[in-house]
Amino acid sequence: MSGHRSHEPGDAPATSTTPPIIDEAVALRIAALVAPTQRSDAREAARLRAAVAADLVEVDRAARAWTGLGAELPPTHVQVVSRTGWVRANLVGLRGALDPLSLRLRTSPAGRRVGARLVGMQLGTLLGLLSTKVLGQFILPLGGPGRSQLVLVGPNLLELGRRHGTLADDVRRTVLLHELAHRLQFDAVPWLGEHLRGLLRRYLDAARLDPAVLVELLGRIPEVLRALREEASLTPILQLVLTDEQRAVVEEAQAMMSLLEGHGNATMYGAAHGVVRDPERVRAALEERRTDLAARILTAVAGLELKRRQYREGERFVRKVVEQVGTEGLNRAFSGPTSLPTPREIGDPEAWLTRVHGGAQGQATP
């Protein structure tokens, strides 16, 4: 966003004995080409940053009150960043996360450099496209312990304001509520981030890197693409390229992300009273934004329909549990890895209530 350059922690690449698997410089250059920087009026940008700062205390308080998480945490810090700043922050969050895969690749240093550039080009293209749509994000460092970041993408919020006028204020606060829920989840539940990193390590450790196997898989791609068109599902591709262990990890991770995203969605509407004037109009505006042509194309490219399904299924799970045992009862899900809902339980909240609470406890007011 014009007039504001955020200083994300770790802007300089970390030194490591492990060759990087992502060329960040290439990724940033490609992202900038895919999503050219939009010049915003400096006064408009300053007004947005001031509005976010003015919102933050009240919205942070509302999120903590509704979720019952993070009462002891320090105040939340939010950065308003450009689209390039959002891409950079995500690259920082990925540093070190793919090192286990890099160590298993038996290529020369020159080959690794070429591979890192190719990965950088692919990731830069995807992040560049996404940077034109994302309104906000809580970014967890996936490579290991480090500073997380909560960011709002300034140009996209300003664009939304031009389209929706005063409703944009409500949208901004709603997005903040959702991302604050994620901040509270990970910062108030210390084991959660390491559990997610553990799932990623298990996934990478189980990856198929045998060239002979990869050649065999390439030969089966046409039949998988036919099944993909007929079923309109990512399942055929996942069945083709993933090992049994990876598929198990994906199912476990999807259940966890459904809980987290559903909890975020439930928070942004459940905690809206007194913070957001017209939550239903906001929901309609966000849904309209998700269904425009460009968003549908990007959804197909990035596989984001899976994330939307996580929102829907997770929000249903959270609402059902909160109806039965309140937010305090829902927070039992954050008491340890064994209390997280399983893939089956996301679709059957009663099964989770029976396992974790010994059955539904009747109506409870959150």
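Helices here are DSSP runs of H or I with at least four residues, numbered from the N terminus, and by that count Asn156, a later stop on this tour, lies in helix 6 (residues 154-164). Keep in mind throughout that this is a predicted model.

**The whole chain**

Begin with the entire chain in view, coloured by secondary structure, where 17 helices and three strands can be picked out. Of the 366 residues in the chain, 48% are buried, and if you switch on a surface, the chain exposes about 18,000 Å², with carbon and sulfur atoms supplying 57% of that area. Among the contacts in the chain with a separation of 6 or more, 80% are between residues 24 or more positions apart.

**Helix 6 and Asn156**

Now select Asn156 in helix 6, which counts as buried because its relative accessibility is 0%. Leaving aside residues up to four places away in sequence, Asn156 touches Arg83, Ser131, Thr132, Lys133, Val134, Leu135 and Arg289, so show the side chains of these residues as you turn the view.

**Helix 8**

Next, select residues 190-205, which form helix 8; at 1.5 Å a residue its 16 residues should span 22 Å, and the end C-alpha atoms are 24 Å apart, which agrees. Within helix 8, colour the buried residues, which are Leu192, Gly193, His195, Leu196, Arg197, Gly198, Leu199 and Leu204. While you look along the helix, it may help to recall that an α-helix has 3.6 residues a turn, so residues three or four places apart point the same way.

**The aromatic pairs**

The structure holds two aromatic pairs. For one of them, select Phe138 and Phe186, whose rings are stacked, at 6.0 Å centre to centre and with 15 degrees between the planes. This pair links distant parts of the chain, since Phe138 is in strand 2 (residues 136-139) and Phe186 is in helix 7 (residues 167-188), 48 residues apart. Phe138 and Phe186 are both buried.

Then move to Phe317 and Trp352, whose ring centres are 5.6 Å apart and whose planes meet at 75 degrees, so that this pair is edge-to-face. Because Phe317 lies in helix 15 (residues 305-330) and Trp352 in helix 17 (residues 349-357), the pair ties together parts that are 35 residues apart in sequence. Phe317 is buried, as is Trp352.

**A charge over a ring**

For the last stop, select Arg283 together with Tyr269, and orient the view so that the ring of Tyr269 faces you: Arg283 lies over that face, at 3.8 Å from the ring centre.

Terms used
Residues numbered from 1 in each chain as written. Predicted model: local features only at pLDDT ≥ 70, side-chain atom pairs only at ≥ 80, totals over all residues. Heavy atoms only, no water. Helix = DSSP H or I, 4+ residues; strand = E, 2+ residues; numbered from the N terminus. Buried < 20%, exposed > 50% of the residue type's maximum accessible area, 1.4 Å probe, protein only. Contact = heavy atoms within 4.5 Å. Areas by Shrake-Rupley, 256 points an atom, 1.4 Å probe, with all protein chains shown as cover. Expected span 1.5 Å × (residues − 1). Phe/Tyr/Trp six-rings, centres within 6.5 Å; stacked < 30°, edge-to-face > 60°. Lys NZ or Arg CZ within 6 Å of the ring centre and 35° of its normal.
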